[in-house]
Amino acid sequence: ASAQGGAIASLSAGDKGLIISFCQFLSNEAQGDKSAGGGAIYLEYARVEVSKCDFQKCISNAGGAIYAKTQTGEFTFESCSFNENGMVAAEGGAIYLNCPKASIKDCNFKDNLGLLGGNIDLVPYSTTTSSPSQIVFDNCSFQFIEDSENSIYFDRESDKNSESTIIMKNSRIIHTFSSEEKFHFYELANI
């Protein structure tokens with residue numbers, strides 16, 4: 001295991017980007033200091049598509065399964081499953097996502113664990129106020145466990161100079177505990 005991406009670490013995009021399809025990632029780990037990210041995959045690409053992949057029991061400090069960051073590109077996750085990824089102190093039990101545009105479609109998140117986002121730590125990135133970030137969730141299922149404070153953590157503090165948009169279509173968030181004190185969706189913002 002390395003500090004960045006337990007199975008795959010990609011730090012440059014090229015013109016065509018990267019496509020990862022029909023893969024299974026089991027018990028991958030990115031270990032090291034606090035900057036360790038992407039238990040299975042660490043991405044810093046302009047354009048990345050991840051489809052029909054299964055992520056189970058992957059761990060790291062940021063993005064139990066996937067750490068994805070770009071300032072100009074777009075990430076697409078489609079028909080993937082994320083089960084039992086992350087750890088108690090993780091930022092994004094399944095995914096740490098920092099980008100201006102992303103599409104997450106037909107994905108299932110179950111029993112992932114993270115302090116900031118049991119399933120996803122969403123850090124929108126916008127280069128200007130005229131091009132705000134947009135994150136779309138379509139037909140996704142989010143189930144999170146009691147040890148996570150929230151299912152999706154939206155860190156708006158890092159994007160306070162623009163108007164980010166999060167769109168959730170045909171998606172559901174399910175909690176597996178009885179406490180009403182937990183948040184399903186948490187937004188950090190300066191008001």
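**Parallel strands, stacked rings and a nonpolar core**

Asp138 stands opposite Lys169 in strand E17. This pairing comes from a predicted model. Five bridges join strand E14, residues 134-138, to E17, and the two strands run parallel.

E14 and E17 belong to an open sheet of six strands. The order is E2-E5-E8-E11-E14-E17, and the pairing is parallel. Strand E2 (18-21) and strand E17 (165-169) stand at the edges. Each has a single partner strand, so one side of each is left without a neighbour in the sheet. Neighbouring strands of this sheet are turned by 5° against each other on average, direction ignored.

Further parallel pairing involves strands E9, E12 and E15. Strand E9 covers residues 81-83, and strand E12 covers residues 108-112. E9 and E12 pair in the parallel sense over three bridges. Within this pairing, Phe82 has Phe109 of E12 as its bridge partner. E12 also pairs with strand E15, residues 141-144. That pairing is parallel too and runs over four bridges. Here Phe109 stands opposite Phe142 in E15. Phe109 thus faces Phe82 in one pairing and Phe142 in the other.

The phenylalanine rings were examined next. A search of the whole structure finds eight aromatic pairs. In one of them, the ring centres of Phe82 and Phe109 are 4.7 Å apart and the planes lie at 5°, so the pair is stacked. The cut-off for stacking is an angle under 30 degrees. Phe82 lies in strand E9 and Phe109 in strand E12, so the pair ties together parts that are 27 residues apart in sequence. Both Phe82 and Phe109 are buried. The rings of Phe137 and Phe142 are arranged edge-to-face, because their centres are 5.6 Å apart and their planes stand at 80°. Phe137 and Phe142 are buried as well. Ring pairs link Phe25, Phe55, Phe82, Phe109, Phe137 and Phe142 into a cluster.

Phe55 and Phe82 appear again in the nonpolar core. In soluble globular proteins, nonpolar side chains tend to be buried together. The largest nonpolar core of this model holds 34 residues. Phe55, Ile66, Phe82 and Leu97 touch the most other members. Strand E10, residues 95-99, gives the most to this core, with three residues. Apart from this core lies another, of five residues, among them Tyr42, Ala62, Tyr67 and Val123.

The contacts of Phe82 were then listed, not counting residues up to four places away in sequence. Phe82 touches Phe55, Ala65 and Ile66. Contacts also include Ala94, Ile95 and Cys107. From strand E12, Phe82 meets Asn108, Phe109, Lys110 and Asn112.

Charged side chains were searched last. The whole structure yields one salt bridge. Glu84 forms this salt bridge with Lys57, and the closest N and O atoms are 3.8 Å apart. Glu84 lies in the loop between E9 and E10. Lys57 lies in the loop between strand E6 (54-56) and strand E7 (66-69). The pair therefore ties together parts that are 27 residues apart in sequence. Glu84 is partly exposed, with a relative accessible area of 44%. Lys57 also counts as partly exposed, at 46% relative accessibility.

Definitions and conventions. Residues are numbered from 1 along each chain as its sequence is written. This is a predicted model: local features need pLDDT of at least 70, side-chain atom pairs count only at pLDDT 80 or more; totals for chains, interfaces and linings use all residues. Side-chain values use heavy atoms; hydrogens and water are left out. Two strands pair if DSSP finds at least two bridges between them. A nonpolar core is a set of buried Ala, Val, Leu, Ile, Met, Phe, Trp, Tyr and Cys residues joined through side-chain atoms within 4.5 Å. Buried means under 20% relative accessible area, exposed over 50%, partly exposed in between (1.4 Å probe, protein chains only). Contact means heavy atoms within 4.5 Å. Rings of Phe, Tyr and Trp (its six-membered ring) pair if their centres lie within 6.5 Å; planes under 30 degrees apart count as stacked, over 60 as edge-to-face and the rest as tilted. Axes are lines fitted to C-alpha atoms, for helices over the stretch in contact, and angles run from 0 to 180 degrees between N-to-C directions. A salt bridge is a side-chain nitrogen of Lys or Arg within 4 Å of a carboxyl oxygen of Asp or Glu.
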